Amino acid sequence: MSTATGYNFAYLDEQSKRMIRRAILKAVAIPGYQVPFGGREMPLPHGWGTGGMQVTASVIGEADRLKVIDQGADDTTNAVSIRRFFATTAGVETTESTAAASLIQTRHRIPETPLQADQILIYQVPIPEPLRFIEPRETETRKMHALSEYGAMQVKLYEDVARFGHIATSYDYPVMVNNRYMMDPSPIPKFDNPKMNRMPALQLFGAGFEKRIYAVPPYTEVKSLDFDDYPFEVQRWDENCAICGSDHSFLDEVIIDDAGSKMFVCSDTDYCRSRQTNATESATATEETLS
Amino acid sequence: MAVLTPTVNSNALIAGFDDPVQHGQQVFRALLKAMSEPGTLIELELNLATPGLLNNSTWQTLLSLLDADTQLWLSPRLNSDERVTSNLRFHCQSPIIDGSKAADFAVALADELPVLRDLNWGTSEYPDRSTTLIVQVPALSDEPHWELTGPGIESRKTARIAGLSEEFRLALINSRKRFPLGVDCIFCCGSKLLALPRSTQIREMRPEEGEA
Amino acid sequence: MYVAVKGGEKAIDNAHALMRKTRRGDESITELTVEQIREQLPLAVDRVMNEGSVYDPELAALALKQASGDAVEAIFLLRAYRTTLPRIGYSEPLDTEAMQIERRISGTFKDLPGGQVLGSTYDYTHRLLDFTLLAEGEAPISALDPETSDEETLDACPRVLELLNKEGLIEQSREADEADHTPADLTREPVNYPAERAVRLQNLVRGDEGFLLSLSYASMRGYGDSHPFAGELRSGRVNVELVPEELGFAIEIGDLFLTECEMVNQFHGNKNQPPQFTRGYGLAFGRSERKAMSVALVERSLRAEELGEEVLYPNQDQEFVLSHSDCVSANGFVSHLKLPHYVDFQSELEMIRRLRREIAAATDEENNK
């Protein structure tokens with residue numbers, strides 16, 4: 001493991017941090033709008049969370065407690081790698097507990113445990129532009145945002161309805177923020193979209209190689225796009241978590257043998273573990289009461 | 001627009017942050033909370049000696065956000081206060097300019113505010129390229145004077161910001177119609193500060209509402 | 001019963017240890033030194049410096065060693081290092097006309113003031129594997145007896161395009177009248193479209209050599225209106241000067257070995273302008289001729305809009321070229337597919353199963369009618 005000698009607190013130099021901090025303040029003032037910023041190279045590859053890392057590096061302080069998740073889990077390799085990076089370069093305390101964290105950097109999930117006021121959720125974003133796959137040109141999509149010209153997205157979603165009888169987008173599902181800007185929620189499953197709405201925590205989004213930062217302040221309205229006759233709906237499973245028994249969390253499908261048998265487990269490892277602990281405790285309590 | 005180059009009088013210089021990295025971060029986090037929870041009164045923990053007419057929260061806000069990449073406009077009395085300009089030039093290296101329209105940051109005393117439309121409101125494609133206005137006011141409280149609603153506010157909040165002219169208050173309230181264009185404001189008083197980003201709707205409350 | 005599919009810290013540590021072992025190879029073979037790489041693989045070092053955006057042969061050689069010779073990985077190492085460097089000052093613009101020329105060729109004039117110098121090049125070698133390098137190593141340099149020694153270089157001589165310029169046959173640099181305009185700095189600010197020429201050039205110089213080479217090739221094969229001549233290609237040392245604020249005059253702080261390419265392109269003229277030649281410009285660290293030429297060709301293609309040419313092909317489209325030229329970004333994003341996408345894939349699985357179930361149910365219903 002490398003040491004961080006010779007680098008500034010949290011890796012970035014102070015001038016870069018100030019530039020990013022100014023961009024974050026603008027992002028917060030214009031919810032859902034993508035603020036261009038002078039993205040720096042980070043010592044991890046682009047697309048591996050450098051945008052989220054630059055935001056974290058600019059926000060984090062000695063008093064913070066950091067949690068990093070990828071796919072909902074604290075122990076996935078990239079989450080481990082990013083958590084180590086900040087433990088080494090900033091020397092901050094890290095945690096796997098959602099409730100105990102002041103900053104949570106995430107890729108692809110929002111924790112199942114509801115976030116609270118004064119927590120900050122930092123999303124890693126690969127492609128920040130929700131309209132990018134409809135219109136590849138930045139000059140055009142900027143105009144579309146300026147004019148709130150979002151008809152093309154409605155058409156795209158409705159084509160799904162015509163073809164499949166459903167909106168077929170299952171993750172990276174576009175939202176409207178504060179009834180003004182269309183925003184890409186990053187590739188979280190649409191299961192997590194409702195958690196963004198009026199969340200008490202501050203949500204910050206960093207796209208490193210696209211050099212964009214955007215934000216959703218606490219208690220801001222975030223609405224997933226839909227149609228009156230085809231309302232937004234989230235994924236559901238027939239199964240429960242094989243470990244904690246949860247019937248309401250997002251489940252990963254795990255193939256357990258060559259025959260392709262599978263089981264379903266919570267993607268949020270901290271949530272799953274805390275449910276197990278609670279179950280054990282209440283079981284113990286029950287036993288004690290009985291004995 | 002011209003860049004003014006006030007000379008740095010070394011006799012006027014005072015110390016900035018003892019620990020620029022940690023203190024800069026702490027003040028930024030206070031500003032981030034202020035901006036993402038509009039109308040919330042924030043008290044800065046750190047007490048610094050301040051240059052000339054600047055108060056504690058204005059001075060720390062500038063130390064944490066400004067550098068050579070930000071163009072700064074100062075209201076007349078601040079601009080003629082050598083202790084202010086010398087320390088800003090020395091600690092922040094920001095170019096001080098004479099036209100508020102090009103300013104990334106404008107700093108003003110409450111009784112010499114710039115006309116709001118003379119600041120940069122951004123463009124419809126780049127609304128972020130706008131001025132952040134920092135105003136030093138005589139009093140700040142949560143008394144029911146203005147009712148605030150919008151992103152960052154759970155239901156509603158109230159605030160009283162003393163010393164603002166009628167003209168400025170109306171201009172600020174009306175500027176909300178042009179969202180996403182606009183100016184984000186940070187009001188500073190002593191060690192306290194409060195932010196009103198352009199997304200916050202403001203309603204002047206009637207005196208009798210305050211009684212309730 | 002539940003087998004952890006999640007890697008964790010131990011897996012990372014083990015993978016890194018294994019990588020170091022693979023990099024070292026057979027330990028009975030002498031370890032390669034950074035000096036050897038710097039001195040004996042200088043063209044690889046030049047590429048890493050260009051795309052890594054730092055002129056430092058030693059660090060570029062170190063990056064190549066650390067990256068097991070993978071140029072893209074080495075470029076990334078150098079870039080990540082570069083980001084953390086403080087900016088001490090800004091140099092004066094380089095004067096390439098004052099270059100100490102080691103190599104200079106022109107495809108447009110047989111002879112020209114100052115002459116042509118072939119210099120060190122692979123251009124006219126026959127590409128036959130030299131088995132003496134395999135068997136005995138390089139013959140001593142003295143035995144090769146080059147007629148010109150290293151020290152013999154051309155003094156400053158005017159650029160070829162200046163000769164055309166005197167006759168008014170070539171365009172003036174279009175942004176010359178904006179002399180006091182400070183160009184945007186790509187490493188500090190994001191690119192905003194449309195990007196000015198200075199930003200386009202900065203982007204291309206740190207762009208992936210292979211990407212630019214292929215785009216250039218396409219433009220010459222008809223995907224883009226490009227019929228260029230290599231007006232001049234020159235390599236050599238150029239002084240770097242800086243004006244320290246406390247001194248107020250320029251002092252020399254060192255020199256850089258650079259390669260500069262100026263392409264001459266046709267321009268058919270329009271109502272307001274008689275026909276004249278136009279320019280495509282490329283500048284690169286080291287002996288990076290392929291890079292400098294590719295930059296000059298793509299640079300010219302990207303001027304299509306400015307010159308009133310129809311934009312028909314990707315190599316004339318600045319958003320397409322500038323957004324995809326960077327090997328660090330491209331490599332990062334392509335390689336990020338290796339990261340877990342369990343959650344998104346699970347979402348797609350759920351959706352596709354549901355759609356198939358519904359279609360099957362509808363078909364059954366249809367059949368039962």
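How many Å separate the centres of domain 1 of chain A and domain 2 of chain A? Taken over C-alpha atoms, the figure is 29 Å. Keep in mind that this is a predicted model, so let's walk through what it shows, starting inside chain A.

**Inside chain A**

The domain assignment splits chain A into domain 1, residues 14-224, and domain 2, residues 251-290. Where the two meet, domain 1 of chain A puts in 13 residues and domain 2 of chain A puts in six. About 690 Å² gets buried between them, with 35% of that on carbon and sulfur atoms. One salt bridge turns up across this interface. Glu96(A) and Arg273(A) form a salt bridge, and their closest N and O atoms sit 3.1 Å apart. There are also seven residue pairs in polar contact between the two domains, both partners at pLDDT 80 or more. Sort the domain 1 side of this contact by class and you get two nonpolar, five polar and six charged residues.

**Inside chain C**

Chain C has a two-domain assignment as well: domain 1 covers 9-82, while domain 2 is pieced together from 91-120, 156-167 and 187-353. Their centres, again over C-alpha atoms, are 26 Å apart. Here the contact draws 14 residues from domain 1 of chain C and 20 residues from domain 2 of chain C. The two domains bury about 1,400 Å² between them, 54% of it on carbon and sulfur atoms. On the domain 1 side, Asn50(C), Tyr55(C) and Arg79(C) supply 44% of the buried area, more than any other three residues.

Arg79(C) shows up again in a salt bridge with Asp326(C), at 2.7 Å from N to O. The count between these domains is two salt bridges, alongside nine residue pairs in polar contact, both at pLDDT 80 or more. Which elements give two or more residues to the domain 1 side? They are helix 3 (42-52) and helix 5 (71-83) of chain C. Helix 3 of chain C brings the largest share, six residues. By class, that side has seven nonpolar, two polar and five charged residues.

One more spot in chain C is worth a look: Ala330(C), in helix 13 (residues 327-335). Is Ala330(C) buried, exposed or partly exposed? It counts as partly exposed because its relative accessibility is 34%, and the range for that class runs between 20% and 50%. Ala330(C) lies 258 residues from Val72(C) in sequence, yet the two C-alpha atoms are 10.0 Å apart in space.

**Where chain A meets chain B**

Now for two separate chains. In this contact, 39 residues of chain A touch 38 residues of chain B. Together the chains bury about 3,300 Å², 59% of it on carbon and sulfur atoms. Arg22(A), Leu25(A) and Lys26(A) supply 20% of what chain A buries here, more than any other three residues.

The rule finds five salt bridges across this interface, and Arg18(A) with Asp67(B) form a salt bridge at 2.9 Å, N to O. Polar contacts come to 19 residue pairs, both at pLDDT 80 or more. Among the elements giving two or more residues to the chain A side are helix 1 (14-29) and helix 2 (50-59). Helix 1 of chain A gives the most, with 11 residues. By class, this side has 20 nonpolar, six polar and 13 charged residues.

**Three salt bridges together**

| Pair | N to O distance |
|---|---|
| Glu96(A) and Arg273(A) | 3.1 Å |
| Arg79(C) and Asp326(C) | 2.7 Å |
| Arg18(A) and Asp67(B) | 2.9 Å |

Note on methods
Residues numbered from 1 in each chain as written. Chains lettered and ligands numbered in written order. Predicted model: local features only at pLDDT ≥ 70, side-chain atom pairs only at ≥ 80, totals over all residues. Heavy atoms only, no water. Helix = DSSP H or I, 4+ residues; strand = E, 2+ residues; numbered from the N terminus. Buried < 20%, exposed > 50% of the residue type's maximum accessible area, 1.4 Å probe, protein only. Contact = heavy atoms within 4.5 Å. Buried area = accessible area lost by both parts, 1.4 Å probe. Salt bridge = Lys/Arg side-chain N within 4 Å of Asp/Glu carboxyl O. Polar contact = N/O pair within 3.5 Å; in protein donor to acceptor, adjacent residues only side chain to side chain. Nonpolar A, V, L, I, M, F, W, Y, C, P; charged D, E, K, R; others polar. Domains from an automatic or database assignment.
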